[in-house]
Amino acid sequence: MNQPVLEMRGINKTFGNVVANHNVNIKLYAGEIHALLGENGAGKSTLMNILTGIYKPNSGQILYKGKEVVLKSSKNAVDLGIGMVHQHFALVQTLSVAENIYLHSEKCKTILNSREMENDIEKCSKAFNLALDAKAKIWQLSVGEQQRVEIVKLLYRGTEVLILDEPTAVLTPQESVEMFKTLRKMADSGKVIAFISHKMGEVMANSDRITVLRGGTVEDTMLAEDATEERLTKAVVGSANKLMKQSQENRGAHGACILKVQDLSVKNDKGLLAVKNISLDLYAGEIFGIAGVAGNGQREFSEVLAGLREVESGAVLLKGEDVSRMSPKTRIKKGFAFIPEDRLSMGLVPSMNMMDNTILKEYDTEPYSRKGILNHKAIQKNTVNFISRYDIKNGGLDLPVGLMSGGNQQKLLIAREINGEPLLIIAAYPVRGLDIGATEAIHKILMEQRNRGACILLISEELDEIFEMADRIAVMNIGFMSEVLNRNVTTYEEVGSLMIGMDNNSKT
Ligand SMILES: Nc1ncnc2c1ncn2[C@@H]1O[C@H](COP(=O)(O)OP(=O)(O)O)[C@@H](O)[C@H]1O
Ligand SMILES: [Mg+2]
């Protein structure tokens, strides 16, 4: 245990002016499961991509068994026995399990018949209790099974250092338990295991040593037995006394109840429950912030509210009227507005110009059209209006919006959505990927809407945004909604610990 198999020393990595890793030191030992914990954007994936030769650090050293190595490519890392299972798998869907694994191996230089190949691979997977049908095609497998293929791919290549990026994000709870059993078996056989996670519970339950990253730097590192909920939360989200910016207007001043969500459950695309028995009341003149790590049911929740996804059970009421079965279009007429998280695939049509995009929802209504004929003058006037009102920088009215910057696309989309003074605005990650200027502009628009009396549901994974904008806050975690917190009394710690799931037990 005295010499680490791998050591990273003083690693720095920037992307443009984003500091992804700053002076990071970390040691990985044989026989250990090392967890890398931190919020989205903390620099976890970047660090592990450096360790697997995918990114080059700006400075810093990597030592393998005490000797410095320079990883010029991922092949260098693979040759040293370092392998990573990425969040997005790299499997050829139309090939079999055996073919995928074999193609990735050194042995693939010799031609084997498929029987030999399959036997060989099944032997390898059985050694670690990773049940796999070597003949199956990748497309026939569940996500959990595909992940197993990725793991066996590395084992078959003789990988000694296995890194997994958020491995449980795609798994059911049962699959996660099985996966951690496998990781333990591999560690017991002397391999080095590292996994990335933002879930405190699973980190505490399944690792031997924990390193916490925040804002690109190592905040804390400890043996799992020394980890407490308090210590980890502090390292993950920062100190309790973080200065909070007070936004304008009085918070929590309630108008009428606009949206009532009653015991709502919704399934995701895989048919699994993604939203679990959520009940909420949202009021006019408030911003209700939903915090949480993306992928915990937020997408399904916002889509079901917008009418883009079916209700599994429960109901959605707008001012007392059950809208659960109404189409998106009917909901819009009744006062819904939706700022979707994929602005370019769900909100705007990138190949169309600004004018066409502004009338996407209302092309068949006056003044934009009359008796089926578009009124180009009215459309143009409206677009020009949006441009000046929201300061939308653009390359001309005829340019496809796909060529505009993200911030200007988002302004256009929001301008269109709020044009009819909606009662309810569902805003999913409205400033994701935008620069500071655009972020501020969009926040200002949302504040103005709140102040005129709209009810705003703001979904975000940035705690700063939630605390700056929201009047009330709840956290989504594995499909559940936490209790509702008043922004004036809650803390980053409280919200942060709900985000990383320390509260799961009380809900399941
Ligand atoms: N290829 C990239 N180009 C530009 N910025 C990046 C890139 N990869 C990561 N970043 C930025 O670096 C920071 C750390 O990201 P990442 O390592 O992915 O965090 P984590 O895995 O902890 O969520 C983030 O601010 C992210 O936006
Ligand atoms: Mg990551």
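Strand S2 (18–28) and helix H1 (44–51), both DSSP runs numbered from the N terminus (helices are H or I of at least four residues, strands E of at least two), each supply at least two residues of the shell around ligand 1. H1 gives the most to this shell, with 3 residues. The residues around ligand 1, that is, those with a C-beta atom, placed from the backbone, within 6 Å of the molecule, include Phe15, Val18, Asn40, Lys44, Ser45 and Thr46.

This is a predicted model, in which local features need pLDDT of at least 70 and side-chain atom pairs count only at pLDDT 80 or more, while totals for chains, interfaces and linings use all residues. Residues are numbered from 1 along each chain as its sequence is written, and chains are lettered from A and ligands numbered from 1 in the order in which they are written. The mean pLDDT, the predictor's confidence in each residue from 0 to 100, is 88 for the protein, and 94% of its residues reach 70 or more. Over residues 240–252, however, the pLDDT is below 50, and it also stays under 50 over residues 503–508.

An automatic or database assignment gives domain 1 (6–237), domain 2 (241–335 + 422–508) and domain 3 (343–421). The centres of domain 1 and domain 3, taken over C-alpha atoms, are separated by 44 Å.

Turning to the interior, Val152 touches Ile101, Ile121, Cys124, Ser125, Leu130 and Leu132, leaving aside residues up to four places away in sequence, where contact requires C-beta atoms, placed from the backbone, to lie within 7 Å.

Terms used: Contact = placed C-beta atoms within 7 Å.
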